[in-house]
Amino acid sequence: MRSLAPVVRCLLLVTTLHGIWTVRAFTGTYGVNYGRIADNIPAPEKVVSLLKAVKIKNVKIYDSDHDVLTAFKGSGLELVVGLSNDHVKEVNASEDRAMEWVKENVQSWLPDTHIRGIAVGNEVLGGGDQDLEAALFGAIKNVYKALSRLQLADLIQISSPHSQAVFANSYPPSNCTFNDSIFQYMKPILDFFSKIGSPFSLNIYPFIAYKSDPQHIDLNYALFQPNHGILDPITNLHYDNMFDAEIDAAYAALDAAGYGKMVVEVTETGWASSGDEDETGASTQNARTYNYNLRKRLFKRKGTPRRPKIVIKAYMFALFNEDSKPGPSSEKHYGLFKADGSISYDIGLSGLSTWHASSSSHSLKDFSTRCWLWPSSLVLATCIWIVLLVQ
């Protein structure tokens, strides 16, 4: 009988190359949030083609929509799915429900859809719903238990994004501490994340800070443009942009609370291209400047003044303008792209000509998407043919 060892080695090669044997972490330093609170954005299949065309590999969604998971199958894109706030209480209340959710929305899609993380809730702490705040840690723990029982805990990262509302203050950066009102809920999460190696996930919006106090905040400081910056009088560290300062404020709060080894990851940041009359700073020019400079800053693979050796990774908010979002007008205008798939403003994304050509032909998946689907079968067939030939 001919040995199957060479075939097995080929299988291992194929599975490793295609993410079955290992799941890669955040690739590079830059990703995007793919929100879908809109009734006029492209179908998920076209979105995959767009993301591949502009070479954005890391994508975060706010739910686990099966149409999206299907579209991402075989794409090679790295996806973080969300257990939305609507499900936090029920998952907290039942380990069985957590297992059911993980099986249905994560395990059953692996390995073809590269799910690399689960964000449990979004901006829960400091949101004003105490019942939801109290349920967050239990939901996180139950999702992790489900992943562990399914032997996925080493492959899927758990996180829970926070807003600036979790902090009591953030200026100067070194003076930042957690808000007392939420710390009873935050502490067990930080304890748990420290044990399993999860990051502190933070949503950062210099735009919101600027529009709330334009008289005292330098617009150039908020936009990564040349400016005098600020000097932290406690640490003597200099900051030339608000983005770095807000990250270091989070590090200061973590240090003060006893979690100095935890890494901060930016799960949302962006700038509105339009807004209501009282939303100072919301403009296409400012949005382009912020997002262009943000990408340039991330591509340098640098840390912050307080953590110079820890490379910053961030998800841009957002991929599309979302016309159905509630709240001020600015909430509808954070997209890099308009609802029809055209670019909102130029921040130097490559591959747009390929995307437009694909869109004009009404193709649901561009050639690069289809190409991702066939190498594994082709390599496998070649391996088996060679083995059989040489035996």
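The following legends describe close-up views of a predicted model.

**View 1. The largest pocket and its lining.** The largest pocket encloses about 1,200 Å³ of space. Its lining comprises 46 residues, of which Glu123, Gln164, Asn203, Tyr205 and Ile208 are the closest to the centre. At least two lining residues come from each of β3 (78–83), β6 (167–169), α8 (206–212) and α10. Helix α10 provides the largest share, three residues. Sorted by class, the lining of this pocket has 21 nonpolar, 15 polar and 10 charged residues.

**View 2. The largest cavity.** The structure holds two cavities of 30 Å³ or more, and the largest has a volume of about 50 Å³. Its walls are formed by Lys60, Val80, Arg116, Gly117, Gln157, Ser159, Ser201, Glu265, Thr267 and Tyr315. Strands β4 (115–120), β5 (157–159) and β11 (264–269) each supply at least two of the lining residues. By class, this lining has two nonpolar, five polar and three charged residues.

**View 3. The second largest cavity.** This cavity contains about 40 Å³ of space. Ile247, Tyr251, Val264, Thr304, Arg307, Ile310, Val311 and Ile312 line the second largest cavity. By class, its lining has six nonpolar, one polar and one charged residues.

**View 4. The largest nonpolar core around Ile118.** The core has 107 residues, and those touching the most other members are Tyr34, Ile118, Phe178, Phe200 and Phe243. Helix α10 (residues 242–257) gives the most to this core, with 10 residues. Leaving aside residues up to four places away in sequence, Ile118 touches Val80, Val81, Leu83, Trp101, Val106, Val143, Leu147, Ile156, Gln157, Ile158 and Ser159.

**View 5. Strand β8, covered on both faces.** In a regular strand, side chains alternate between the two faces of the sheet. In β8 (residues 200–203), Phe200 and Leu202 lie on one side and Ser201 and Asn203 on the other, and all four are buried. Strand β8 runs parallel to β11, to which it is joined by four bridges. Within this pairing, Asn203 stands opposite Glu268 of β11. Asn203 is also among the residues closest to the centre of the largest pocket, while Ser201 belongs to the lining of the largest cavity.

**View 6. Asp244, a buried acidic residue of helix α10.** Asp244 is located in helix α10. Because its relative accessible area is 7%, below the 20% limit, Asp244 counts as buried. Apart from residues up to four places away in sequence, Asp244 touches Tyr239, Arg297, Gly303, Thr304, Pro305 and Ile312. Thr304 and Ile312 also appear in the lining of the second largest cavity.

**View 7. Two cis peptide bonds in loops.** Most peptide bonds are trans. The bond from Leu110 to Pro111 is cis, with omega near 0 degrees; Pro111 is in the loop between α5 (95–105) and β4. A cis peptide bond also joins Phe317 and Ala318, with omega of about 5 degrees. Ala318 is placed in the loop between β12 (314–316) and α12 (352–360).

**View 8. Positive phi at Lys55 and Asn236.** Most residues other than glycine have a negative phi. Lys55 has a positive phi of about 60 degrees and is in the loop between α2 (44–53) and β2 (58–60). With 64% relative accessibility, Lys55 is exposed. Asn236, whose phi is near 65 degrees, is found in the loop between β9 (230–231) and β10 (238–239). Asn236 counts as exposed at 56% relative accessibility.

Definitions and conventions: Residues are numbered from 1 along each chain as its sequence is written. This is a predicted model: local features need pLDDT of at least 70, side-chain atom pairs count only at pLDDT 80 or more; totals for chains, interfaces and linings use all residues. Side-chain values use heavy atoms; hydrogens and water are left out. On a 1 Å grid over the protein atoms alone, a cavity is a set of points where a 1.4 Å probe fits but cannot get out, and a pocket is an open set with protein on both sides within 12 Å along at least five of seven lines; lining residues have an atom within 4 Å of a point. Grid points are joined across faces, edges and corners, and a volume is the space filled by probe spheres set on the points. Ala, Val, Leu, Ile, Met, Phe, Trp, Tyr, Cys and Pro count as nonpolar, Asp, Glu, Lys and Arg as charged, and the others, Gly among them, as polar. A nonpolar core is a set of buried Ala, Val, Leu, Ile, Met, Phe, Trp, Tyr and Cys residues joined through side-chain atoms within 4.5 Å. Buried means under 20% relative accessible area, exposed over 50%, partly exposed in between (1.4 Å probe, protein chains only). Contact means heavy atoms within 4.5 Å. Two strands pair if DSSP finds at least two bridges between them.
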